[in-house]
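Q: Can you walk me through this model? I'd like the overall layout and then some residue details.

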Amino acid sequence: MMGDQQEGSTQPKAKRGFAAMDEATQRAIASKGGQAAHQKGTAHEFDSEEARRAGQKGGEAVSRNREHMAEIGRKGGESRQSTRGNRQAADKEEKS
């Protein structure tokens with residue numbers, strides 16, 4: 001059995017350390033780490049080809065989630081229908 005959590009308990013573990021900090025504090029600390037890495041010369045900088053491959057890899061990973069892709073398609077269809085409906089209504093007003 002581990003520290004804060006008892007067997008059969010449904011309460012999540014309390015966040016500690018970095019995870020317990022607010023987002024602004026986390027960003028400030030992470031930024032300092034990035035700056036230090038650049039000064040030291042150990043920071044990694046993507047070139048355009050490497051960035052393209054990383055984006056492609058992420059897109060492929062997202063595309064495997066069929067439910068997620070279906071939701072995106074539904075939102076796009078709804079958006080297109082509402083845009084088309086607004087355009088048709090505007091056209092009718094111009095003709096009147």
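A: One term up front: buried means under 20% relative accessible area, exposed means over 50%, and partly exposed is in between. Also, this is a predicted model.

Q: Fine. So is Gln26 buried, exposed or partly exposed?
A: Gln26 has a relative accessible area of 23%, so it is partly exposed.

Q: Which residues does Gln26 touch, leaving out those up to four places away in sequence?
A: Phe18, Ala19 and Met21. Gln26 itself lies in helix 1, while Met21 is in the segment before helix 1 (23-40).

Q: What about Met21, buried or exposed?
A: Neither: its relative accessible area is 32%, so Met21 counts as partly exposed. Met21 also belongs to a nonpolar surface patch with Phe18 and Ile29, and together they have about 250 Å² of accessible area.

Q: Back to helix 1. What caps its N-terminal end?
A: Asp22 does, with a side-chain oxygen 3.2 Å from the backbone nitrogen of Ala24.

Q: And what is just after helix 1?
A: Gly41, which takes a positive phi of about 90°.

Q: How far apart are the end C-alpha atoms of helix 1?
A: They are 26 Å apart. At 1.5 Å a residue, 18 residues should span 26 Å, so the two agree.

Q: Zooming out, how many helices and strands does the protein chain have?
A: There are 3 helices and 0 strands, in the order α-α-α from the N terminus.

Q: How much of the protein chain is buried?
A: 0% of its 96 residues count as buried. The chain exposes about 9000 Å², with 49% of that supplied by carbon and sulfur atoms.

Key:
Residues numbered from 1 in each chain as written. Predicted model: local features only at pLDDT ≥ 70, side-chain atom pairs only at ≥ 80, totals over all residues. Heavy atoms only, no water. Patch = residues over 30% accessible without salt bridge, like charges linked within 9 Å, V, L, I, M, F, W, Y side chains within 5 Å. Areas by Shrake-Rupley, 256 points an atom, 1.4 Å probe, with all protein chains shown as cover. Salt bridge = Lys/Arg side-chain N within 4 Å of Asp/Glu carboxyl O. Helix = DSSP H or I, 4+ residues; strand = E, 2+ residues; numbered from the N terminus. Buried < 20%, exposed > 50% of the residue type's maximum accessible area, 1.4 Å probe, protein only. Expected span 1.5 Å × (residues − 1). Polar contact = N/O pair within 3.5 Å; in protein donor to acceptor, adjacent residues only side chain to side chain. Contact = heavy atoms within 4.5 Å.
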